[in-house]
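Trainee: I should like to go through this model and ask how each description of it is justified.
Mentor: Please do; we shall set each value against its definition.

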Amino acid sequence: MAHCIFCKIIEGEIPCHKVYEDDRTLAFHDINPKAPMHVVVIPKKHIANIMQASEDAQLLKDMACAVTEVAKALGVQDSGFRTVTNTGEGGGQSVDHFHFHVLAGKTFGEDFG
Ligand code: 5GP
Ligand code: ZN
């Protein structure tokens, strides 16, 4: 049984509102949205953060493709959206399973908080 909360979502132990799924990625609505639309995109392979993905070109391509599919599903591929990945405590990462946040439905400014 998986210990990581996102691995539990992949395995169906925790339900989610799915936006996109393929063999290697899953995307679902964030439980605590920070924008009118807020989707989390994860690889099905457990890795902790973007640094651990640096030698996995396939995984990074899969994640980019999944973000693109999410943008299309949300209808924001032309209007635009923000993609964020937090790393470590200082970066505000609370789940140690690499993920992209896809934030949309408002116009973002230059401030990254
Ligand atoms: P981080 O803080 O690691 O960058 O992002 C983790 C995100 O996962 C947070 O935005 C948080 O709201 C979301 N999250 C944590 N647990 C769950 C859950 O069980 N279901 C869903 N849908 N989102 C979750
Ligand atoms: Zn995991």
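Mentor: This is a predicted model. In its largest nonpolar core, which has 17 residues, Val39, Val41, Val70, Phe98 and Val102 touch the most other members. Strand E3 (37-43), helix H2 (57-74) and strand E5 (100-104) are the elements that give two or more residues to this core. H2 supplies the largest share, seven residues.

Trainee: Which residues does Phe98 contact beyond its neighbours within four places in sequence?
Mentor: Among them are Val41, Ile42, Pro43, Leu59, Leu60 and Met63. Apart from the largest core lies another, of ten residues, including Cys7, Leu26, Ile42 and Val95.

Trainee: Why is Cys7 called buried?
Mentor: Its relative accessible area is 13%. Buried means under 20%, so Cys7 qualifies. Cys4, at 15%, is therefore buried by the same criterion.

Trainee: What makes Cys4, Cys7, His46 and His97 donors of the zinc ion (ligand 2)?
Mentor: The atoms concerned are SG of Cys4 and Cys7 and ND1 of His46 and His97, lying 2.1 to 2.4 Å from the ion. The cut-off for N, O and S atoms is within 2.8 Å of the metal, so these atoms count as donors. Along the chain, the donors follow the spacing C-x2-C-x38-H-x50-H.

Trainee: Why is the site of the zinc ion (ligand 2) called tetrahedral?
Mentor: The angles among its four donor atoms are 99 to 121°. Four donors count as tetrahedral if all angles lie between 85 and 135 degrees, so the site meets the definition. The ideal angle for four tetrahedral donors is 109.5 degrees.

How values were computed:
Residues numbered from 1 in each chain as written. Chains lettered and ligands numbered in written order. Predicted model: local features only at pLDDT ≥ 70, side-chain atom pairs only at ≥ 80, totals over all residues. Heavy atoms only, no water. Donors = N, O, S within 2.8 Å, 3.2 Å for Na, K, Ca; no water. Tetrahedral: all angles 85-135°; square planar, octahedral: opposite > 155°, others 65-115°. Buried < 20%, exposed > 50% of the residue type's maximum accessible area, 1.4 Å probe, protein only. Core = buried A, V, L, I, M, F, W, Y, C linked by side-chain atoms within 4.5 Å. Helix = DSSP H or I, 4+ residues; strand = E, 2+ residues; numbered from the N terminus. Contact = heavy atoms within 4.5 Å.
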